[in-house]
Amino acid sequence: MAVAIGLAPGAGAAELKVQPADTVESVLAAQKGKRASLRLRSGQEITGTIAQVTGKLVQVSAVAGREFFDAVVRVDQVSAVSVQVRGR
């Protein structure tokens, strides 16, 4: 699992702590309700608000560039999670 730290001007800061036993699913669950970017194994990136995380799926709401859409992604297809942790 890769965890990347993204910075975007003006966005609210989140906290990111990774523990030795963490998985992609647990990192995503900890970001519930916050904006994050998911890098998929295909190379595609989806940015939005983490709405729900189950054992196999993550629901991303207010997808960037498609704010009226939600996306559902298989957790095993997420290769990196990127969140803003500090402002400028």
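This tour moves through the structure one selection at a time and says what is found at each stop.

**Before selecting anything**

The model is a predicted one, in which local features need pLDDT of at least 70 and side-chain atom pairs count only at pLDDT 80 or more, while totals for chains, interfaces and linings use all residues. Residues are numbered from 1 along each chain as its sequence is written, and side-chain values use heavy atoms, with hydrogens and water left out.

**The whole chain**

Show the protein chain as a cartoon and find 1 helix and 6 strands, which follow one another from the N terminus in the order β-α-β-β-β-β-β. Helices (H or I, at least four residues) and strands (E, at least two) are DSSP runs, numbered from the N terminus. Of the 88 residues in the protein chain, 33% are buried; here buried means under 20% relative accessible area, exposed means over 50%, and partly exposed lies in between (1.4 Å probe, protein chains only). Switching to a surface shows about 5500 Å² exposed by the protein chain, of which carbon and sulfur atoms supply 52%; accessible areas come from the Shrake-Rupley method with a 1.4 Å probe, and for residues only the protein chains shown count as cover. Among the contacts in the protein chain with a separation of 6 or more, 44% link residues 24 or more positions apart, a contact being heavy atoms within 4.5 Å.

**Strands S2 to S5**

Next select strand S2 (residues 35-40) together with strand S3 (residues 45-53), which pair in the antiparallel sense over 5 bridges; two strands pair if DSSP finds at least two bridges between them. Arg35 has Thr49 in S3 as its bridge partner. The two strands form a hairpin with 4 residues between them, and Gly43 in the turn has a positive phi of about 100°.

Add strand S4 (residues 57-61), which is joined to S5 by 4 bridges in an antiparallel arrangement. On its other pairing, S4 runs antiparallel to S3 over 4 bridges, with Gln52 opposite Gln59 in S4, and 3 residues make the hairpin that joins S3 to S4.

**Ala36, within S2**

Ala36, in strand S2, is a useful residue to centre on. Is Ala36 buried or exposed? Its relative accessibility is 3%, so Ala36 counts as buried. Leaving aside neighbours within four places in sequence, Ala36 is in contact with Ile46, Thr47, Gly48, Ile50, Val81, Ser82 and Val83. The C-alpha atoms of Ala36 and Thr47 are 5.7 Å apart, although the two residues are 11 apart in sequence.

**Val73 and the two faces of S5**

Select Val73, which belongs to strand S5 (residues 71-74). The covered face of S5 carries Ala71 and Val73, and the uncovered face carries Val72 and Arg74. Val73 is buried because its relative accessible area is 6%. In S4, Val58 stands opposite Val73. Val73 also touches Leu40, Ile46, Lys56, Leu57 and Val78, among the residues listed when those up to four places away in sequence are not counted. Measuring from Val73 to Lys56, 17 residues apart along the chain, should give a C-alpha separation of 8.5 Å.

**The largest nonpolar core**

Which of the 19 residues in the largest nonpolar core touch the most other members? They are Leu28, Leu38, Ile50, Val58, Val60, Val78 and Val81. Two or more residues of this core come from each of helix H1 (24-30), S2, S3, S4, S5 and strand S6 (78-84). A nonpolar core is a set of buried Ala, Val, Leu, Ile, Met, Phe, Trp, Tyr and Cys residues joined through side-chain atoms within 4.5 Å. In soluble globular proteins, nonpolar side chains tend to be buried together.

**From Ser61 into the loop**

Move to Ser61 in strand S4, which is buried because its relative accessible area is 18%. Apart from neighbours within four places in sequence, Ser61 is in contact with Gly48, Thr49, Ala51, Phe69 and Asp70.

Ala62 is in the loop between S4 and S5, and has a positive phi of about 50° although it is not a glycine. With 27% relative accessibility, Ala62 counts as partly exposed.

Finally, select Arg66 and Phe69: the charged end of Arg66 sits over the ring of Phe69, 4.0 Å from its centre. A charge sits over a ring if NZ of Lys or CZ of Arg is within 6 Å of the ring centre and within 35 degrees of the ring normal.
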